[in-house]
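Please open the model in your viewer and keep the sequence panel visible. The tour proceeds by selection, one stop at a time.

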Amino acid sequence: MLFWLIPLLTIAAITIPLAAADLRERRLPNALLLVGYVSFALAAELTSLAAPSTTGASPVLVCCGVLAAAFGVWTMGGVGMGDVKLVGLLAGTLQLVPASNSPPPQLVAAIATLLLLVPAAFVALLHGRQSLALGPFLLAGFWLAVLV
């Protein structure tokens, strides 16, 4: 079934507003993230109802695990709470995307995000900036993983 397209299309619709808000205000609006989570939950439930015997990690468990790990980073001051919520949504959604012969999409997204973020962070530090909006980099890594 194509239930995985529900959160993918939703994330497509909110990507630009999320990135713009993060760049402008250094925050990711909860209203947009909530829309993403509702579409993710709907797709995860429909997928589990349509194919209850599928193997592999549950998208909801992946989302919760990533949320827990990101929350740990947040407690140390490494990221903002909006980034925590966004990364959970993106990881859970990637778990819904059908498997292919390529590497796991979460791994591709993580590597792509780092490859985009590290040079930008280096340039920001050279210009005396102490922080960087992570949302656009997380979203770019997500979309690169979807394309792979």
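Which residues have the most contacts inside the largest nonpolar core? The structure is a predicted model, and a suitable selection to begin with is I11, L18, L86, L90, L96, L139 and F142, the residues with the most contacts inside that core. The core has 27 residues. To see where they come from, colour the helices α1 (5-25), α2 (30-50), α4 (81-96), α5 (105-126) and α6 (135-147), the elements that each give two or more residues to the core.

Next, select L90 alone and display its surroundings. Leaving aside residues up to four places away in sequence, L90 touches I11, L138, L139 and F142.

Now show α4 together with α5. Their axes lie 9 Å apart and form an angle of about 140°. Because angles over 145 degrees would count as roughly antiparallel, α4 is oblique to α5. To inspect the contact itself, select A91, L94 and Q95 in α4, which meet P105, Q106 and A109 in α5. By class, this contact comprises four nonpolar and two polar residues, with no charged residues.

The last stop is the loop between α4 and α5, where P104 is found. Is P104 buried, partly exposed or exposed? Its relative accessibility is 47%, so P104 counts as partly exposed; the exposed class begins over 50%. Finally, set a distance label between the C-alpha atoms of P104 and L94: these residues are ten apart along the chain, and the two atoms are separated by 8.8 Å.

Methods
Residues numbered from 1 in each chain as written. Predicted model: local features only at pLDDT ≥ 70, side-chain atom pairs only at ≥ 80, totals over all residues. Heavy atoms only, no water. Core = buried A, V, L, I, M, F, W, Y, C linked by side-chain atoms within 4.5 Å. Buried < 20%, exposed > 50% of the residue type's maximum accessible area, 1.4 Å probe, protein only. Helix = DSSP H or I, 4+ residues; strand = E, 2+ residues; numbered from the N terminus. Contact = heavy atoms within 4.5 Å. Axes fitted to C-alpha atoms, helices over the stretch in contact; angles between N-to-C directions. Parallel < 35°, antiparallel > 145°, perpendicular 65-115°, else oblique. Nonpolar A, V, L, I, M, F, W, Y, C, P; charged D, E, K, R; others polar.
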